Each structure stands twice: as structure tokens, then as C-alpha cells.
Amino acid sequence: MPAISCQGLTKHYGSLVALDNLALTIEDKVIFGFLGPNGAGKTTALKIFTGLSRPTSGSAWVAGEAVVSHSRSLQSQIGYLPEEPAFYNWMTAKEYLTFVGQLFGLSSRDIKKRCGELLELVDLSRDASRRVSGYSRGMRQRLGIAQALMNKPAVLFLDEPCSALDPLGRAEVLDTLVRLKEQATTIFMSSHILADVERVCDTVGIIDRGRLVVESGVEELRQRFAHPLFEIEFEEAATPFVGLLESLPWVEKVNAAAEGNLFKLRVSVRDVATAKVEIPRMIAGSGFTLRQYQMVLPTLEEVFIELVGNRKD
Amino acid sequence: MSSFFVLFRKEFKGQLKTYRFLIVVALFFVFGLGTPLLLKYLHALVPAENVAIGIPEFTAVDAVQSYISSLGQLGLVAAILVAMGSVASERESGTAAMTLSKPVGCGSFIVAKLAALAVTFGVAIAVGAAGCYLYTVVLFGNPGGFDFFIATLLGALYLLFCLAVTVMYSGFVRTPIVAGGLSLVTLAVIAGTAGLPGMKHYSPGALLDWADNIASAGGPNSWWVLVVSVALIIITTVIGWQVFKRKEL
């Protein structure tokens with residue numbers, strides 16, 4: 001049974017279509033990255049999955065439960081971190097986690113134990129007795145992650161979990177997510193930081209203007225949607241070589257740039273098999289001094305731009 | 001512990017930590033003490049040669065009636081100011097979404113807020129009433145302990161109604177000031193209806209008239225006002241809960 005699924009999920013805000021017939025199936029115990037430009041509908045989808053918003057039409061299931069607005073049985077199985085976590089500023093981190101534990105109906109003993117573990121996990125033990133009003137944005141984000149884990153959720157929804165964190169904090173959070181996945185938690189995270197998604201996510205979904213553009217494994221996505229690139233570096237200006245490449249039918253585009261004493265080419269091709277054979281042969285016959293030659297896989301960012309950037313009009 | 005009690009405890013603790021409890025109690029205490037004091041020394045404050053008409057000699061009944069009147073005016077403003085952001089500001093800041101993503105019912109969320117506000121105002125009214133009664137006894141003589149107690153209870157019920165209306169509007173909109181404005185207009189209209197011939201036996205605004213009558217040991221009991229007021233407190237709370245449940249967080 002999938003951990004999260006939805007069919008025909010649509011959400012209108014007046015004339016604005018925030019989600020348009022969204023269909024997703026996310027398997028158990030995976031980290032799913034939900035990508036899209038600002039206003040694409042990521043937060044709307046997250047709010048529907050967590051029971052905080054009602055879809056205009058369509059249905060969704062999370063952890064085996066049909067998603068119904070404010071469903072207690074659903075909400076007892078999930079954890080949720082909004083994009084900008086908000087707290088009662090008069091509370092300390094410890095008080096807030098205790099409050100959340102009580103809302104989940106945990107015993108005092110379990111709350112105390114869980115608070116200690118979570119504060120340690122998000123590195124807030126030393127600041128646990130300070131009021132949240134004095135916390136930095138990064139500290140608030142880490143407390144937000146801690147509260148989302150209070151009930152050991154089966155499915156964890158995170159809206160931009162690393163956006164306010166420094167590189168070290170980001171790395172720690174991503175490591176935590178991987179550990180949680182190993183402990184049988186399914187994680188649904190939206191993010192703008194594609195490097196983070198690439199690092200930890202098993203599958204991704206790209207959404208644009210409320211519509212799902214693609215849902216796929218990260219590797220599969222890179223293979224399917226981006227043209228392979230060949231990077232070539234010469235030690236002198238190889239302008240005639242660029243002209244030669246551009247005249248070939250299997251070459252799509254050549255970008256050339258001089259960097260110091262180096263002349264760098266990025267060649268995108270239509271026929272990878274031919275390029276693999278022909279480019280080295282052409283280099284050998286060109287007479288230019290080769291510094292480096294490699295075939296590179298596109299990054300997730302390049303795939304994202306390929307899929308979403310091209311749709312901007 | 002049920003989510004209602006967890007939320008109620010959080011609400012009440014919040015009122016203590018943000019000094020709202022202290023401020024409301026202090027306000028009611030000051031005007032509770034101040035009302036009989038002001039009446040007693042009004043002659044001294046306003047010399048007779050400065051006013052066109054004579055200031056009468058005030059009695060214990062006047063002191064209690066003046067206190068009831070203040071409860072309906074100053075108390076109403078305090079109730080609106082304290083309650084108007086109770087739900088709206090939580091929606092605006094995002095704390096409502098954080099709390100309601102947990103297994104918590106919207107009904108518990110709204111009722112816990114109203115209950116915590118009711119306790120704060122209940123304590124404040126009790127403290128204010130004790131101060132008023134004490135100074136009235138000292139300065140004017142005993143106004144009648146039981147009648148004063150019943151009149152205060154009716155005033156407290158009126159303020160509970162004001163709180164319920166304001167919490168309801170606070171659940172309707174995201175902006176506290178809009179909730180406050182809507183509450184003020186609604187409560188002003190309801191207070192106005194108490195003066196209408198057909199409505200004076202039913203409008204919650206007539207609770208204060210009844211309290212006034214009890215204080216002056218005259219006038220009939222208005223049991224329908226009591227019934228209608230309690231029913232309206234329940235109805236506004238249910239409407240607030242149901243509307244809030246349908247709101248986007």
C-alpha cells in the first residue's frame with residue numbers, strides 16, 4: 001500500500017487554480033522530493049495532505065487513511081513542518097515540545113524522554129529553557145523539525161525544511177531524514193534547494209502551475225529528461241573546432257568560453273552514441289592541446305530548468 | 001489528558017505569561033474600587049458653584065448601579081480588546097496551523113479559548129466586585145450582599161456573551177481589529193435592542209437592566225433574558241467553531 005496517494009486533487013482559490021488534477025503515488029519508506037517554482041502549488045498540496053485545507057475536488061490517502069479535513073486519526077500518524085514554523089513566543093522549546101506531546105496524548109514519562117531525545121537531535125538542548133521569542137530563524141526551524149517528530153510519525157510532511165539553515169545545519173537535517181527513512185518513516189519534502197533533494201530523495205515530483213509535470217526516480221529523471229553534456233577543455237583558443245562541431249547534425253548546441261588560459265566547451269548532443277565515438281576522434285585530429293574531456297550527467301537543477309524553465313512564457 | 005484541557009491550560013498560561021490576566025484583573029479592581037470612591041467624593045471634586053444643577057447625595061444603591069453600568073461599558077471594551085485576537089492572530093501568525101495539524105478538534109480549540117477568557121474575566125469581575133462591595137459598605141453602608149452578588153453574576157454573564165461574540169468573529173477573519181470592529185457593532189446593536197418594547201425581555205443587552213433593577217431592589221425578574229443569553233452564548237460558540245472549521249489555515 002502506498003504511504004501517500006492522491007487522484008484528481010484540485011484546489012481553487014476563487015479563479016486561481018492552485019492545484020490542477022494532481023495524481024501522485026508515493027511508496028512506503030521513501031523520501032519524496034516535491035519541487036516546483038514559487039506559487040506552483042506545493043504548499044497547497046501539503047496542507048491538503050495534512051488535513052489543514054480541503055480540496056475543491058479529488059481525494060487523497062495518507063498512511064492508509066482517507067484525507068479528511070482535521071481528521072484526528074490521520075493527524076495522529078503524521079508530522080508536519082510548515083515553511084515558516086510559528087510558535088507561542090512566551091513558551092520555551094521544552095514547554096512547546098511538552099505541549100505538542102500532550103496534544104498527541106503521550107504520557108508525562110514519554111514526553112520527558114522524547115523531549116530530551118528531540119532536543120538533542122536538533123541541537124537545542126542548551127537552549128531548551130530559553131523563550132522561543134529569542135530564537136534565530138535557524139533555531140526555530142530546528143524546533144519545528146523536533147515538534148514534527150514528537151509522535152514518531154509514519155509519514156512526515158516537511159515544507160522547505162532546510163531553507164533557514166546554514167550548510168552545517170542543512171547537512172545535519174538531511175542526515176536525520178535519511179536515518180528516519182531507515183526507521184520506516186516516509187518523508188514528503190518540498191524544497192527549493194535542488195542539491196538537497198538530489199542528495200537524499202529517492203523519488204521526486206515536479207509541479208508547475210498546479211500540474212504535476214513529472215514523477216520519477218532521481219536517476220531515471222536525469223536519464224530521461226536532460227541531454228547529456230560533453231565538457232572539453234583546450235589549452236588554447238580552439239575556435240575552428242567549435243565551428244566544426246556546430247556543423248555536425250548530431251550536435252545540438254556548443255557553448256564556448258575562455259577562462260584564463262583555458263578554452264572550455266560544453267557540447268550538448270542529439271545522438272550520444274555517435275558523440276561518444278566521434279568527439280574523441282575529432283579532438284585527436286584537431287591538433288589542439290587537450291586538457292580535459294568528460295561526459296557529464298546533468299544535475300537535478302538542469303533537469304528542473306529543462307522541465308519548468310521552458311514552460312515560462 | 002484530553003486536548004481541551006491541554007489547550008485550556010496553554011491558553012490560561014499564555015494569559016498569565018503575557019500579563020493579560022494581570023492587566024484585566026487590575027483594570028476591574030481599579031474601577032471596582034474607584035466607582036464608590038468617585039461617587040462619594042464627587043462633591044469635593046466638582047465644587048457646587050461650578051455646576052448649574054445640584055449634585056444629589058449618593059447612596060449605596062447608586063454606587064452599585066454605577067458599578068453595573070461601568071461593567072457594561074468598560075467591561076465590554078476590555079472583553080473585545082482582549083478576545084479579538086484570540087483566534088485571528090493565531091491564524092495570521094501560523095500557530096493555529098501548527099496546533100491544528102496535531103490530533104486536536106477545532107471545537108476544543110475554540111472552546112478552550114473562550115473558557116480561558118471566561119476564567120480571566122471571572123476572576124477579574126470577582127476581584128472588582130469585592131473591591132466595589134467593600135468600599136460601598138465603608139463609604140455608603142451595606143447595599144445588600146445577596147442582591148449585589150446576583151447583579152454581579154448577571155453582569156458577568158453579559159460579559160461572557162460579549163466574549164463569545166468576539167471569539168466567534170475572531171474565528172471568522174484573520175485580522176484582530178476587524179474582529180473587534182464587527183464585535184463592537186454587533187454588541188452595540190444588541191444593546192440597542194434592549195430598549196425596544198418587544199425585545200427588552202429577550203435581548204442579552206437587558207441583562208444589565210435586570211442587574212440594575214436587582215441592585216435597586218425593584219423591577220421584575222427577566223428569566224427569558226437569562227435563557228436567551230445562555231442560548232446565544234452556546235449558539236455563537238457553535239457558529240464560531242463550525243465556521244472556523246471550514247477556514248483555510
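Okay, let me start with a puzzle: in E4(A), which residue is the bridge partner of A:Ile4? Have a look at the structure while I talk. One thing before the answer: this is a predicted model, so please keep that in mind throughout.

Right, the answer is A:Val62. That pair belongs to the contact between strand E1, residues 4-13 of chain A, and E4(A), where 5 bridges join the two strands and they run antiparallel. For anyone new to this, strands of a sheet pair through backbone hydrogen bonds, either parallel or antiparallel.

Now zoom out a little. E1 and E4 sit in an open sheet of 4 strands in chain A, and the order across it is E2-E1-E4-E5, with antiparallel pairing. Who's on the outside? The edge strands are E2, residues 16-26, and E5, residues 65-66, and each of these pairs on one side only.

Let's follow E4 over to that short edge strand. E4 covers residues 57-62, and its antiparallel pairing with E5(A) runs over 2 bridges. Our friend A:Val62 turns up again here, standing opposite A:Glu65 in E5(A). The bridge partner of A:Trp61, meanwhile, is A:Ala66. These two strands make a hairpin with 2 residues between them, and A:Ala63 takes a positive phi there, near 50 degrees.

Chain A has another sheet I want to show you. Here 4 strands form an open sheet in the order E12-E13-E11-E14, and again the pairing is antiparallel. The edges are E12, residues 251-259, and E14, residues 290-296, each pairing on one side only. On average, neighbouring strands in this sheet are turned by 15 degrees against each other, if you ignore direction. E12(A) is joined by 8 bridges to E13, residues 262-269, and the two run antiparallel. To pick out one pair, A:Ala257 stands opposite A:Lys264 in E13(A). There's also a helix lying against this sheet: H9 of chain A, residues 239-246, touches E12 and E13, and its direction makes about 165 degrees with that of E12(A).

Okay, over to chain B, where I'll talk about helices. My main character is H4, residues 60-83. How far apart should its ends be? At 1.5 Å a residue, these 24 residues should span 34 Å, and the end C-alpha atoms are 33 Å apart, so the two agree. H4(B) does bend, though, by about 30 degrees at B:Gly75.

Now for its neighbours. When two helices pack, we describe them by the angle between their axes and the distance between the axes. Take H10 of chain B, residues 206-215: its axis and that of H4(B) come within 9 Å and cross at roughly 165 degrees. H4(B) and H10(B) are therefore roughly antiparallel to each other, since the cut-off for that is over 145. The crossing is right-handed. On the H4(B) side, the residues that meet H10(B) include B:Val61 and B:Gln65, and on the H10(B) side they include B:Leu208 and B:Asp212.

Then there's H8(B). Its axis also comes within 9 Å of the H4(B) axis, but here they cross at roughly 20 degrees. That makes H4(B) roughly parallel to H8(B). This crossing is right-handed too. Remember B:Gly75, where H4(B) bends? B:Gly75 is among the H4(B) residues that meet H8(B), and so are B:Leu71 and B:Ala79; on the other side you'll find, among others, B:Phe148 and B:Tyr158.

H8(B), residues 145-172, packs against H9(B), residues 176-193, as well, with axes 8 Å apart and an angle of about 140 degrees. That makes H8(B) oblique to H9(B). Once again, the crossing is right-handed. Among the residues in this contact are B:Tyr169 and B:Phe172 from H8(B), and B:Pro176 and B:Leu182 from H9(B).

Last stop: how do the two chains touch? 22 residues of chain B are in contact with 20 residues of chain A. On the chain B side, helices H1, residues 3-17, and H6, residues 95-100, each supply at least two residues. Which helix gives the most? That's H1(B), with 5 residues.

So, to go back to where we began: A:Ile4 on E1 is bridged to A:Val62 on E4. Find that pair, and you can walk across the sheet in the order E2-E1-E4-E5. Thanks, everyone!

Terms used: Residues numbered from 1 in each chain as written. Chains lettered and ligands numbered in written order. Predicted model: local features only at pLDDT ≥ 70, side-chain atom pairs only at ≥ 80, totals over all residues. Expected span 1.5 Å × (residues − 1). Bend = angle between axes of the 7 residues up to and from the residue. Pairing = 2+ DSSP bridges. Axes fitted to C-alpha atoms, helices over the stretch in contact; angles between N-to-C directions. Parallel < 35°, antiparallel > 145°, perpendicular 65-115°, else oblique. Left-handed = near helix turned anticlockwise from the far one by under 90°. Contact = placed C-beta atoms within 7 Å.
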